[in-house]
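Please open the model in your viewer and keep the sequence panel beside it. The stops below go from charged pairs to a pocket and then to a patch on the surface.

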Amino acid sequence: MKTLWRWTKRLGLLAVLLALSLSAPVIYVETMCRGNATPEPYRALIEPAHQRPETRTLMTYPEWYIVHAYEDYAEVLRTGDPHDYAYLRGIGGFWSSLCALNEESSAYGEVDGATKQMVYVIGVSFTAELALKAAYEETLGRVFAVIRGSEHSPLDQISARQAADYATFLQQVPWYKWPFRDDAEELSQEATSALRDRERNIALGLEYRAKAAYADLIEQAVAQVGADAMTLRMIVRGASEAQLQDLDGVSVIQQRPEGIEIETPRYRTLTHLLQNMAAQGIDVVEIAGNDDILLTALSKTPTAPGSIMSARRQGFRDYRHLIGLKVADLAERLRDMQGSDLRLEHIHDY
């Protein structure tokens, strides 16, 4: 009984230390990453039912950071191994960007509690996932890779392709809808007798099945509270109703003194749509009742005009820049990118 009690205390202490480690970044962001700017007053044009909180254009980036992290990981796997990815740098990048955006949010208004809770939950989950992955891939995973030699095994190649497909999938669809069990089954079916394949089949199979179980829980929770809207409204000018109706996914709502109110898809589709509209000379007046928006762009240079922060991408030889600007300046900024060193990556809606 004494031995059992001693081990129970040790496990309890370990659980406390783990909880403190995972919550430390949240405490730091809440206490040390606060801005003091005063939001500029703005009177929205779109009716309240179709308005979204402006701070969410900043707070959508942490989710997209995770999307980008998987994209970076897939690029590293394309020519390298899992242990070549800098996991701690990936974790630090999430929290440092959230810190910068939390400071910047004071100029946009107060971030609502539900959004903060969501960002912190995904941040802690992402941190735990990468920490566990690093603990394995930097030790046992690396040993098996060394034994394998420089040539990738069949499951190395398959897992690299799965990672790339997953990164692409995340650009438009929530992560919990990915068929992790199918990936695990594919590894099982394609595994050869090579030692590396047997190790990948066990290690990644366990990872995928654990993610599948967690995804089931998240999907059930989302079903109870309801998924976020897949469309938003904006006001544009410089185009006719017929021209706008020819754009995929666009519905014309009404003519207004300020322009034409339309409804559009969100997420990655919206980025391509806004880029297309800008190329056609269409300007945006307001999006979801807001006059500020965030975008990310890529370039070979470490800084970009107007960037909130910039960071080097893993696996790529370029930098990502987080740029805040007025909605009214968005189309012109997109047109200016044509032929420049700056390349649009994503426009963050709300």
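How many salt bridges does the structure hold? In this predicted model, the structure holds 34 salt bridges, and the tour begins with a few of them.

**Stop 1: Arg266 and its partners.** Select Arg266 together with Asp228, and you will find a salt bridge in which the closest N and O atoms are 3.1 Å apart. Arg266 sits in the loop between β3 (259–265) and α11 (267–279), while Asp228 sits in the loop between α9 and β1 (231–237), so the pair ties together parts that are 38 residues apart in sequence. Arg266 is buried, its relative accessible area being 2%, whereas Asp228 is partly exposed, with a value of 39%.

Now add Asp349 to the selection, since the side chains of Arg266 and Asp349 also meet in a salt bridge, at 2.7 Å from N to O. This pair links distant parts of the chain, 83 residues apart, with Asp349 placed in the segment after β8 (343–348). Both Arg266 and Asp349 are buried.

Next, select Asp81, Glu137, Arg148, Asp156, Arg196, Glu199 and Arg200 as a group: salt bridges that share partners join these residues into one network.

**Stop 2: a pair within helix α9.** Select Glu207 and Lys211, whose side chains form a salt bridge with an N to O distance of 3.1 Å. The two residues are four apart in helix α9, which means that about one helical turn separates them. Is Lys211 buried or exposed? Lys211 is buried, because its relative accessible area of 13% falls under the 20% cut-off.

**Stop 3: the second largest pocket.** Select Tyr65, Gly93, Ala311, Arg312 and Arg320, which lie nearest the centre of the second largest pocket among the 17 residues that line it. The volume of this pocket is about 220 Å³. Four elements, α3 (61–79), α4 (87–104), β6 (307–312) and β7 (319–326), each supply at least two residues of the lining, and α4 gives the largest share, with five residues. If you colour the lining by residue class, you should find seven nonpolar, five polar and five charged residues.

**Stop 4: a nonpolar patch.** Finally, select Val121, Tyr214 and Leu217, which form a nonpolar patch on the surface and together have about 280 Å² of accessible area. Leu217 belongs to helix α9 (residues 195–225), and with a relative accessible area of 53% Leu217 is exposed.

Conventions. Residues numbered from 1 in each chain as written. Predicted model: local features only at pLDDT ≥ 70, side-chain atom pairs only at ≥ 80, totals over all residues. Heavy atoms only, no water. Patch = residues over 30% accessible without salt bridge, like charges linked within 9 Å, V, L, I, M, F, W, Y side chains within 5 Å. Areas by Shrake-Rupley, 256 points an atom, 1.4 Å probe, with all protein chains shown as cover. Salt bridge = Lys/Arg side-chain N within 4 Å of Asp/Glu carboxyl O. Buried < 20%, exposed > 50% of the residue type's maximum accessible area, 1.4 Å probe, protein only. 1 Å grid on protein atoms, 1.4 Å probe; cavity = no way out; pocket = protein on both sides within 12 Å on 5 of 7 lines; lining within 4 Å. Points joined across faces, edges and corners; volume = space filled by probe spheres on them. Nonpolar A, V, L, I, M, F, W, Y, C, P; charged D, E, K, R; others polar.
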